[in-house]
Amino acid sequence: MSLTKSVKVGDLLMGGEWPVSIQTMWKDSLPVFSGPDDLRLLSVIEKMSDLKRLGCSIIRFAVPDISAAESLGLLAGRSPLPVVADIHFDWRIALRCMDFPVAKIRINPGNIGAEWKVREVAVKAMDKGIPIRIGINGGSLPKDLVQEHDTVEAALMAAEREIEVLESMRFSDIVVSLKMNEPDEVIRANEAFAARYPYPLHLGVTEAGPLVAGIVRNTAALVPLLKKGIGATIRVSLSDSMEQEVIAGKEILGCAGKNAHGVRIVSCPRCGRASFDTHAFTSRWMNKLYSLEADISVAVMGCVVNGPGEARHADLGITGAGNSVLIFKHGEIIRKIDARDADKAFQEELEKLLKEKAK
Ligand code: SF4
């Protein structure tokens with residue numbers, strides 16, 4: 001697959017030879033902030049910093065009205081991540097958002113309305129150097145196209161219409177997404193688009209579902225595309241937390257052989273032999289481990305029968321052994337402790353390992 005154009009989204013470069021980035025979408029409406037020192041604003045910024053540490057590179061906010069645009073404006077200037085304004089229906093909200101340092105505007109051709117509105121948005125975006133994502137969604141395709149064509153064709157035609165408008169204005173900082181609920185449709189639409197256009201693609205499955213279903217559907221759609229070199233950024237939409245979306249994104253990129261950096265967690269499913277609760281330990285440690293920048297593998301195993309042996313490739317592992325807990329490195333047991341001290345001992349050994357890796 002030939003390389004796409006590169007598009008600058010805030011301080012992040014997307015497309016071309018740049019790494020595939022992970023993004024998520026803020027799950028709540030933004031409060032009306034009283035000013036830059038509003039504690040609610042500071043808490044949003046703190047959460048965004050946590051998401052960045054976890055591996056998130058871009059964050060999108062729904063902007064349903066002008067007051068949300070004002071809140072986003074206060075946030076955008078202080079954000080640790082490039083902020084994308086998601087606009088439906090009212091182009092004037094997009095114009096207001098671009099008075100602030102937003103990194104990208106997302107519009108949906110199915111509901112932004114007449115062409116002149118898109119032109120107004122593009123004029124200001126061009127003036128400010130802000131890229132536009134044409135966000136096509138299978139559930140809100142332009143009505144005239146849906147009546148005549150199947151979902152994939154209608155989605156491609158909707159993107160084509162919008163691209164023609166922008167290109168006629170010599171606007172080329174374009175990112176496109178073609179999201180549908182069926183993984184096969186997502187694959188077909190994005191393959192066809194990538195064969196015809198040079199613009200970077202934002203990949204995702206729309207309304208993908210709860211945690212498990214959503215990850216399975218996104219993986220089924222995104223991995224084959226990414227393996228073919230299609231996709232500049234991904235958002236794994238889930239009826240779950242932003243953290244889970246980012247972690248799922250990291251794992252999907254890993255499965256596709258992209259950006260295979262960071263911590264790899266190996267954990268056993270647990271069975272009747274377990275003397276250590278791998279589920280609870282993994283839940284407690286997951287975000288912390290995924291936020292580390294080191295390229296290490298960590299094993300969390302339920303019992304000593306299979307634990308250290310099966311996970312002998314792990315840089316650091318933990319497993320149960322009767323009432324005790326064992327910590328091992330590459331299959332070799334280095335510590336035996338009381339189960340109550342498991343987290344503390346694991347933390348100590350993790351810190352030692354990170355220091356060794358940093359040398
Ligand atoms: S490591 Fe032990 S507890 Fe975990 S699945 Fe294997 S046998 Fe069961």
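Let me begin with the overall arrangement: in this model, which is a predicted one, the C-alpha centres of domain 1 and domain 2 lie 37 Å apart. The contact takes seven residues from domain 1 and four residues from domain 2. As for the bounds of the two, domain 1 covers 6–255 of the protein chain, and domain 2 covers 264–358.

I would like to go through three helix pairs and then turn to the ligand.

The pair I take up here is α5, which is made of residues 115–128, and α7, which is made of residues 151–168; their axes come within 10 Å and cross at roughly 50°. Because angles under 35 degrees count as roughly parallel and 65 to 115 as roughly perpendicular, that crossing makes α5 oblique to α7. The crossing of these two helices, α5 and α7, is right-handed. On the α5 side the contact is made by Glu115, Val118, Arg119 and Ala122, and on the α7 side by Glu162, Val165, Leu166 and Ser168. Sorted by class, the contact of α5 with α7 has four nonpolar residues, one polar residue and three charged residues.

Moving along the chain, helix α8, residues 183–196, packs with helix α9, residues 211–227, at an angle of about 25°, and the axes are 8 Å apart. With that angle, α8 is therefore roughly parallel to α9, and α8 passes α9 in a right-handed crossing. The residues that meet are Pro183, Val186, Ile187, Asn190 and Glu191 from α8, and Arg217, Ala220, Ala221, Pro224 and Leu225 from α9. By class, this contact of α8 with α9 has seven nonpolar, one polar and two charged residues.

Helix α9 also takes part in the next pair, with helix α10, residues 242–255, where the axes come within 9 Å and cross at roughly 35°. Here again α9 passes α10 in a right-handed crossing. From α9 the residues involved are Leu211, Ile215, Asn218, Thr219, Leu222, Val223, Leu226 and Lys227, and they meet Gln244, Ala248, Ile252, Leu253 and Cys255 in α10. The contact of α9 with α10 divides into nine nonpolar, three polar and one charged.

Finally, the ligand, for which a natural thing to ask is which residues surround the ligand. Reading along the chain, they are Cys268, Pro269, Arg270, Cys271, Arg273 and Ala274, and then Gly302, Cys303 and Asn306. By class, the shell around the ligand divides into five nonpolar residues, two polar residues and two charged residues.

Conventions. Residues are numbered from 1 along each chain as its sequence is written. This is a predicted model: local features need pLDDT of at least 70, side-chain atom pairs count only at pLDDT 80 or more; totals for chains, interfaces and linings use all residues. Side-chain values use heavy atoms; hydrogens and water are left out. A residue is near a molecule or strand if one of its heavy atoms lies within 4 Å of it. Ala, Val, Leu, Ile, Met, Phe, Trp, Tyr, Cys and Pro count as nonpolar, Asp, Glu, Lys and Arg as charged, and the others, Gly among them, as polar. Axes are lines fitted to C-alpha atoms, for helices over the stretch in contact, and angles run from 0 to 180 degrees between N-to-C directions. Helices (H or I, at least four residues) and strands (E, at least two) are DSSP runs, numbered from the N terminus. Angles under 35 degrees count as roughly parallel, over 145 as roughly antiparallel, 65 to 115 as roughly perpendicular and the rest as oblique. A crossing is left-handed if the near helix is turned anticlockwise from the far one by less than a right angle, and right-handed if clockwise. Contact means heavy atoms within 4.5 Å. Domain bounds come from an automatic or database domain assignment.
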